[in-house]
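Colleague: I am new to this one and would like the reasoning behind the labels. Can we go through it step by step?

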Amino acid sequence: MVSLEMVPDSKIEPRPAPGQEVLRVEDLTVHFPVKSTILRRKLGEVSAVDGVSFSIAAGETLGLVGESGCGKSTTALAVLRLVEATDGHIFFNGKDLRTLGKGGLRHQRRNMQIVLQDPFSSLDPRMTVRSIVAEPLKVHHMHKKASDRNEHVNELLQLVGLDPALATRYPHEFSGGQRQRISIARALALDPKLLVLDEPVSSLDVSIQAQVVNLLEELQDRLSLAYLFVAHDLSVVKHICDRVAVMYLGHIVETGTADEVYNSPTHPYTQALLSAVPVPDPEQREHTHRIILKGDVPSPMDPPSGCRFRTRCWKAEERCAIETPELIDRFNHGHPSACHFANLPTPAPTADSTPKGWLG
Amino acid sequence: MAAPVKLKPADAAAAGQPLLSVRNLTTQIATETGTVQAVRGISWDIYPGEILGIVGESGSGKSVSVSSLLKLHPSPPVTISGGPITFEGQNLLELSERRFRRIRGRQIAMIFQDPMTSFNPVKTIGNQISEAIRVHNRRISRRAARARAIELLGMVGVPRPMARYKQFPHEYSGGMRQRAMIAMAMANQPKLLIADEPTTALDVTIQAQVLEFLKLAQQETDAALILITHDLGLIAELADRVLVMYAGKIVESAPVRELFRNPRHPYTVSLLESLPRIDVETEHLATIPGSPPNLVYPPPGCAFHPRCFLSHQRERCRTEIPELVDLEVRGHTSACHFSHELDSESAPQEDDDGDTSAVTNGDGGTQHANTSADSEHGQEVDA
Ligand SMILES: Nc1ncnc2c1ncn2[C@@H]1O[C@H](COP(=O)(O)OP(=O)(O)OP(=O)(O)O)[C@@H](O)[C@H]1O
Ligand SMILES: Nc1ncnc2c1ncn2[C@@H]1O[C@H](COP(=O)(O)OP(=O)(O)O)[C@@H](O)[C@H]1O
Ligand code: SF4
Ligand code: SF4
Ligand SMILES: [Mg+2]
Ligand SMILES: [Mg+2]
C-alpha cells in the first residue's frame, strides 16, 4: 500500500474492512428538464434515472450495464453529486450525501473519485503528468513540503505501472493506455474508498484494455477499493465484476452476482442483451441462439407505461402496460428481476422479419 | 479437437478466379511530423460470395488499405503505389476517374462506421437512395426508383418506410441510419461490399439487428463482403476467411476456424488471449506489453518484435522482415520467422480455455499465459 504510507497520519481515514458496505443508493431519481431555447419554457422532462437502488462493499465491484442512454453515466455522476439527484438517498460511509453542506461534501469527495472513458480529453494538455497527479494533493493540503508531495506522486505513478522519470512529460506524449494509468494515479492520490469508473477501457484496444483491466483488479486487491464500473461491453463486465445491475431506460431491470445474471438471466431484456454478444469462437457459430429485438429504445422523455421494456418485449401482455414490475425475486430464481413473468431463458423468436427480394 | 477444417461453399469458390486481387499495395500519407507508412506492401484476394474479415488494432491500416482500393483520398497527401489491383480483369490503379465512377457504388459499395457522415445531411434518405439507383441505371424512372427505395428500406427493417422515405438522416436513430446505409449500398446489387466497422458505433442489440440484415443482404445477392472490425467476436461469427493486420502489414491469414483453433503468429495468439470472454471463465487476462508502433518510424525487422513474447531477443526478429509464408494447412499463412514454434496442433493441447503453452519471454515472465501475473505493467515504449 504504497500510497497510504505517504499520507500524513492525521489525514488518514480508517479503511473499511473488505465486505463492509461503502456505498448505498436508495431510490435514486434524476430528471433533466428539457427547455425550449427560444421560449425559455420547460417543454418536459427526461427521465434519465428512475428509482435506482444498489449498494457496494469495500473490495467489491458492481457493474452497471445497458445500452447507450439508459442512465448509467447519470447514475454514476449523481452518486458523486456531480449531477444533482431529483430524489432518493446516497449513503456514503453511512452519511447521506444529499443532505451534506459544501464543507461536508468536500470532505467526503476525497473518498470517492471518478475515472472517465476518454483518456484524451480528461487530462489537461498544458499540465505535466506530475502536476496532474499532484493537483488533488495540493488542493487538499496533504503535504507541507514539496519534496514529500513529489515523492508521493512518484509512488502513485509506480503504483499504476508508470516510470516516475516520465513525470515531466505532457499527456499528448503518452498512449491511450498510459493516459488511463495517469487518470487512475490521480484518482488514487487522496486514497479514496470508492472509484467510479465510467467506461474506463472502452476507448482502448484489446491488448491495452487487458493491461488496464489487470491493473484495476490488482489495485482493488491491494487497497480494498470499492468500484462502480460502468460499461457497455458485457464481456469486460463479466470478467471484472462481482455483481451486476442491468439498466433499461432509467430502471434497473435485473441484478445479482455476475454468475447469476450471466448464467441464469430471467429478464427478457438481459436475455436479449447477452444473446447479442458476439462470441469469439467460430465453433459456436451454429449453436448460438440470438434474440433479435424489435425497434429502438423509446425516448426517455416519454417512456412507455407499466414496464418500460414492453415495446420491444416478445413476452409482453396486457398487464405489462398497466403495472410496473417491481425489482423482486418472484419465483425463487435466487436474484431479483423486474419482470412479471421472469423466467429462465426459453426459446424466443429470432428475427421478427425476413427481408426478401434483394434482387429486385 | 483437431477436426479437419470444414469447407464452406464460399471456400470452394476459392478454387476459381478471385473477384478482387490486390498485389503489393503500399499507401503513404504525408503529415507534418513525417510520412506515415499506413499500408506497407500487402497482397490478398477475395473470391465471389466470400466474407473476408480484416482484423487488427486501431491504426493498423485496415481502413486505409480498403479506402486505397477505391481511391477515396486526395493525392497528395495520400500516395498509393505497388499494385496491380485487379477487379474483373482491370487494374483499378490505372483506371480514369470517369471509368472509376462507374465501379464505385455500382460494382463495389461501401458502408462506413458513421452513417451520419456518409449521408448528405440536407437531403432526405429516400432521395439519396433513389439517386444512387438512378445514377447507375438511367433507364429506370424516377417513380420506379422511388418504389424500389421504399422497398429496400422496408427490407432492412426500417419501420413505416413510406413515411421514413421523406425523412432526413438526423431524424433516423443510429441503428436505423446504418440499416438505411445497407439498403443504399445494396441498391445496385454490387459484386463487392466493403463494410468498415459497420456496427462499432452501435449498441449490441442494435448491432445484432444490423448484422442480421447485412448477412441476409449478402447471402441473397451473393456479393463478396469485406468486413473490417477490431472485434474478434464479429470475425468469429461472420467471416469465412481472416486477415490479421499489424503495423500496416498482414501478419497472418487463414480460414476462420483454423485461425481461432491454431493461431500461428504471436500477435494473433496474444490478441486472442487478452480478450475477456463471455463464454469462458478467465482468471487473468494476458497482455501485450507496450503499444502499437508509430508508423512514421516502423520498427526494423519484424514490426512486432518490441512486444513479442516469442522473439526472445533473437537477432533475426530485429533485422530481417518476415515474409508471409504458407503453412501446412491450405490457405493458412503467417509472417513470423518462428511460427513453427507455435504449432499447437502438434504440441500437447489443453482444454477449451484458450490457454495454450506458456512461453517465457526475454524478461523471464510468461507474457501470454492466462496465469501470468507480472505482465500487466507493460512498459510502453512509444512515449
Ligand atoms: N488522413 C490521415 N492523415 C495522416 N495519417 C493518417 C490518415 N489516415 C490514417 N492515417 C494513419 O495511417 C495509419 C493507419 O490508419 P487506419 O485508419 O487505416 O487504421 P485502422 O486500423 O483502420 O484504425 P482504426 O481502427 O482506429 O480506424 C495510422 O497510423 C493512422 O494514424
Ligand atoms: N445534461 C443533460 N440534459 C438533458 N438530458 C440528459 C443530460 N444528461 C443525460 N441526459 C439524458 O439522460 C439519459 C441518460 O443519459 P446517460 O446517463 O448519459 O446514459 P449512458 O451513460 O447510459 O449512455 C439520456 O436520454 C440522455 O440523453
Ligand atoms: S414485464 Fe412484461 S413487458 Fe416487461 S419484461 Fe416482463 S414480460 Fe416483458
Ligand atoms: S518474427 Fe520474431 S518478433 Fe516477429 S512475430 Fe515472429 S518471433 Fe515475434
Ligand atoms: Mg455514458
Ligand atoms: Mg478504421
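Modeller: This is a predicted model. A good place to start is the shell around ligand 2, where α2(A) provides the largest share, three residues.

Colleague: Which elements of chain A each supply at least two residues of that shell?

Modeller: They are β2 (42-57) and α2 (72-79). Among the residues around ligand 2 are A:Val46 and A:Ala48, together with A:Lys72, A:Ser73 and A:Thr74.

Colleague: What makes A:Thr74 a polar contact of ligand 2?

Modeller: The cut-off for such a pair of N or O atoms is 3.5 Å. An N or O atom in the side chain of A:Thr74 is 2.3 Å from an oxygen atom of ligand 2, so the pair is within the limit. A:Gly69 uses a backbone N or O atom, which lies 2.8 Å from a ligand 2 oxygen. For A:Gly71 the value is 3.3 Å, again from a polar backbone atom to an oxygen atom of the ligand. Taken alone, ligand 2 exposes 560 Å², and the protein buries 60% of that.

Colleague: How many residues of each class are in the shell around ligand 2?

Modeller: Five are nonpolar, five polar and two charged. A:Glu67 and A:Lys72 are in the shell, and both count as charged because Glu and Lys belong to that class.

Colleague: What surrounds ligand 4?

Modeller: The residues around ligand 4 include B:Cys302, B:His305, B:Cys308, B:Cys317, B:Cys336 and B:His337. That shell divides into seven nonpolar, four polar and no charged residues. B:His305 is part of the shell and is placed with the polar residues, because His is on neither the nonpolar nor the charged list.

Colleague: Which residues are closest to ligand 3?

Modeller: A:Cys307, A:Cys313, A:Cys320, A:Cys339 and A:His340 are the closest of the 13 residues that surround ligand 3. By class the shell has nine nonpolar, two polar and two charged residues.

Colleague: Why is the pair A:Lys238 and B:Glu281 called a salt bridge?

Modeller: The limit is 4 Å between a side-chain nitrogen of Lys or Arg and a carboxyl oxygen of Asp or Glu. The closest N and O atoms of A:Lys238 and B:Glu281 are 3.5 Å apart, so the pair qualifies. Five salt bridges are found across the interface of chain A and chain B, and 23 residue pairs there are in polar contact. On the side of chain A that touches chain B, α7(A) gives the most, with eleven residues. That side has 25 nonpolar, 16 polar and 18 charged residues.

Colleague: How many residues are in contact, and what area is buried between the chains?

Modeller: 59 residues of chain A are in contact with 65 residues of chain B. The buried area is about 5300 Å², and carbon and sulfur atoms give 55% of it.

Colleague: What makes A:Asp50 and A:Arg308 a salt bridge that links distant parts of the chain?

Modeller: Their side chains meet at 2.8 Å, N to O, and the limit is 4 Å, so the name applies. A:Asp50 is in strand β2, whereas A:Arg308 is in the loop between α10 and α11 (318-322), 258 residues apart.

Colleague: Why is the bond between B:Gly83 and B:Pro84 worth a look?

Modeller: A cis peptide bond joins these two residues, with omega about 5°. B:Pro84 is in the loop between β4 (78-81) and β5 (85-87) of chain B.

Methods: Residues are numbered from 1 along each chain as its sequence is written. Chains are lettered from A and ligands numbered from 1 in the order in which they are written. This is a predicted model: local features need pLDDT of at least 70, side-chain atom pairs count only at pLDDT 80 or more; totals for chains, interfaces and linings use all residues. Side-chain values use heavy atoms; hydrogens and water are left out. A residue is near a molecule or strand if one of its heavy atoms lies within 4 Å of it. A polar contact is a pair of N or O atoms within 3.5 Å; within protein, one must be able to donate a hydrogen and the other to accept it, and residues adjacent in sequence count only if both atoms are side-chain atoms. Accessible areas come from the Shrake-Rupley method with a 1.4 Å probe; for residues, only the protein chains shown count as cover. Helices (H or I, at least four residues) and strands (E, at least two) are DSSP runs, numbered from the N terminus. Contact means heavy atoms within 4.5 Å. Buried area is the accessible area (1.4 Å probe) that two parts lose on being put together, summed over both.
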